[in-house]
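Visitor: Could you take me through the ligand site of this one, slowly, and then show me what sits around it?

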Amino acid sequence: KKKAIIIGAGIAGIASAIRLRSLGIAVEVYEQNTYPGGKLSQMSLGGYRFDCGPSLFTMPQFVEELFELSGKKAEEHFLYLKKDVVCNYFYNDGVKFTAFADKEKFAKEASLVFKDETASVIRYFQRSQLKYNLTASLFLEKSLHKVSTYLSMDTLKSILQLQKLNVNTTLNDYNERSFKDPKLIQLFNRFATYNGSSPYKTPGIMSMIPHLEQHFGTFFPKGGMHAITQSLYDLAVDLGVKFHFSAFVEEILTQKNKAYGIIVDNQAVNADIIISNMDIVPTYRKLLQKHKAPEKILQQERSSSALIFYWGIKKQFPELDLHNIFFAKDYKKEFEAIFENNAISNDPTVYVNITSKHETADAPPGSENWFVMVNAPGDTGQDWDEIVAETKENIISKLNRILKVDMKSLIEHEAILNPATIESTTQSYQGSLYGAASNDKFAAFIRHPNFSKKVKHLYFCGGSVHPGGGIPLCLLSAKIATDIIKKDYKL
Ligand code: FAD
C-alpha cells in the first residue's frame, strides 16, 4: 500500500488528503498550527465568533464533490444557502447600490442608480460568460503543464490572443469602454481584488469573474465559512487520514532527485508521495534548500494582502447585509499605494462582513460580529503598528460619516490580523492572500505546476500554484495534483 505525506492542512491539503484516500492511499498530514484550515480558520472573542479569512463562497459544487467521491451525501454533512443580495455598495457621496444575484434585477437596479442602461449591463454579463466558457476548462481544470498531449503551449498562448478575451487591455480600460458611470466602472473594477490584483494592471479577461458571482451565485455555509474546513476535516478523519498538529515540516528529503520523506521534529518520516500545501516560495527556500529554485516563478509579483479588524459591535445595522463595501473615492490611488508604494492609502475601500446576519449565535443578542478588511500590500518590513493605527482612524471616520454613528463607542472587542501575522500563521510568502498576482497577462503560465519537473514523487497544491488562489481554485489544485498522481502511479 502506498503512503503519502501532505505538508499543511490548508483547504487544498485537506482536499488532496480526501482525494488520495479515495484512491486507497494511506495519508498523513503535518500541520504547524494546532488547528486545520490555514487561512480558512475561525476564532472566538468575548461572545463573538469570527471567520478569520475567506468570507465569499462561490462554486460550492467543488466542496460537495469531495463528499460524493467518498460515497457520502454532501447535504448530510455540509449545508449552505444561496444569497439573493450579493453585496451592498456604499459610495463616498452617499450613493448606495444593492447588487442582486439575479442578473436582470441587478441590471435594472444599476440603470436606476447609475448612468448606464440595463442593456449595457446585460451585455457585460454575456461577455463575461463567454470568456469563462472559452477558457475555464482549459486554464482552471487541468494541468497547463501537461498539455503537450492534446495542445501545445503555443496554441494556448494564441487562444489568449483572441480579441474577445480582452487580454491585451486592462480590466479598467475594458470597464471604461463598457460603461459610462465611473461608479459602475469602479464596481466592476473591484473584481480584480478577487485574486489580489490591480484593475489598472490585470488583463480585461478578469471581467469573467462577475460571471462566477452572477451566474453560479454566492453562498453562505451553515455555521459560517469555517464549516467548509470543519466538514472536510471531519470527512478526512472519517476516511482514515491521520493529522499531526503543531508539526512544522523542516525539510523535504530527497535522493537522486526523488523525494522520499520529510523532516519534522528532527525526525525523518518516509513516504512514497509528498504533496506540499505550503506556499511555493518557502517550500523551495526552506524545505528544498539543496535544489535549484525556479527563480522566475518565485520572484513574480505577489498578490495583495489584507489588514483585518475583527470587531464585536454592540449594535445591529439593518441597512447592512452579509457583504458590504464602502468604496474609496479615488480607487486608482488606492491601488497605486498598494502595488507601487507598499502602503495603504488614507481613504481605503472598506469591506465589512457580518456572519451574524445569518448565524445569530455568532454575536450576543443586539450585537454583530464585524470582519472589517482593507486591501494591503505584502509584508516587506513596514511598521505595521503605525499603519494599523492610522488605517483604523481612517476606517472609523469613513464608517461614522456614511452610517452616521460613533463607531468607537460601539466596538467592545477587537482582534487584528496584518500581512506579517498572515505570513507567520500560514507561511504565505509576504502574507499574500492568493499567491502570485495576476497583474501580468501571462500569469496563468507562470504559476508553478502541480508537480515538480525535477524531483520525482513531489507534488504541489494550494493558492500559490496552478490554477491560483481562492477556495474554488485551491480545491481544483488538489484535483489536478491528485489526477497527475493517479496517472504517475497508474492508480
Ligand atoms: P493555506 O490556507 O495557506 O494553508 C496552508 C497550511 O499549511 C497552513 O495551515 C500552514 O500552517 C501550513 N503549513 C505551511 N507550511 C508548513 C510546514 N512547513 N509544516 C507544516 N505546516 C505548514 N478566498 C475565497 O475564495 N474567498 C474569499 O472571500 C477570500 N478572502 C480571503 C480573505 C483573507 C483575509 C485571506 C487571508 C484569504 C482569503 N481568501 C479568499 C483566499 C483563501 O483563503 C486562500 O486562497 C485559501 O484558503 C488558501 O488555501 P491553501 O490550501 O492554499 O493554503
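Guide: Here is the ligand site, followed by a helix that lines it and then the domains.

One thing up front: this is a predicted model, where local features need pLDDT of at least 70, side-chain atom pairs count only at pLDDT 80 or more, and totals for chains, interfaces and linings use all residues. Residues are numbered from 1 along each chain as its sequence is written, and side-chain values use heavy atoms, with hydrogens and water left out.

Start with the shell. There are 34 residues around the ligand, and E31, K39, G463, G470 and I471 come nearest; to be near, a residue needs one of its heavy atoms within 4 Å of the molecule. Sorted by class, that shell holds 16 nonpolar, 16 polar and two charged residues. In that sorting Ala, Val, Leu, Ile, Met, Phe, Trp, Tyr, Cys and Pro are nonpolar, Asp, Glu, Lys and Arg are charged, and the others, Gly among them, are polar.

Now the polar contacts, meaning pairs of N or O atoms within 3.5 Å (within protein, one must be able to donate a hydrogen and the other to accept it, and residues adjacent in sequence count only if both atoms are side-chain atoms). E31 puts a polar side-chain atom 2.6 Å from an oxygen atom of the ligand. N33 also uses a polar side-chain atom, 3.3 Å from a ligand oxygen, while I11 offers a polar backbone atom at 3.2 Å from an oxygen of the ligand. As for cover, the ligand taken alone exposes 1,000 Å², and the protein buries 96% of that, with areas from the Shrake-Rupley method and a 1.4 Å probe (for residues, only the protein chains shown count as cover).

Which elements do the lining? Those giving two or more residues to the shell are α1 (11-22), α15 (419-426) and α17 (471-488), and α17 gives the most, with three residues. Helices here are DSSP runs of H or I, at least four residues, and strands are runs of E, at least two, numbered from the N terminus.

Follow α15 to T426, which is found in that helix. T426 touches Q32, G38 and K39, leaving aside residues up to four places away in sequence; contact means heavy atoms within 4.5 Å. From T426 to G38 is 388 residues in sequence but 5.7 Å in space, C-alpha to C-alpha. The T426 side chain also reaches the backbone nitrogen of S428 at 3.2 Å.

Just ahead of α17, P467 sits in the loop between β19 (458-460) and that helix. The peptide bond from H466 to P467 is cis, with omega near 0°. Most peptide bonds are trans.

Stepping back, the chain divides into domain 1 (3-40 + 223-300 + 436-488), domain 2 (121-216) and domain 3 (305-377 + 380-417), with bounds from an automatic or database domain assignment. Eleven residues of domain 2 are in contact with nine of domain 3.
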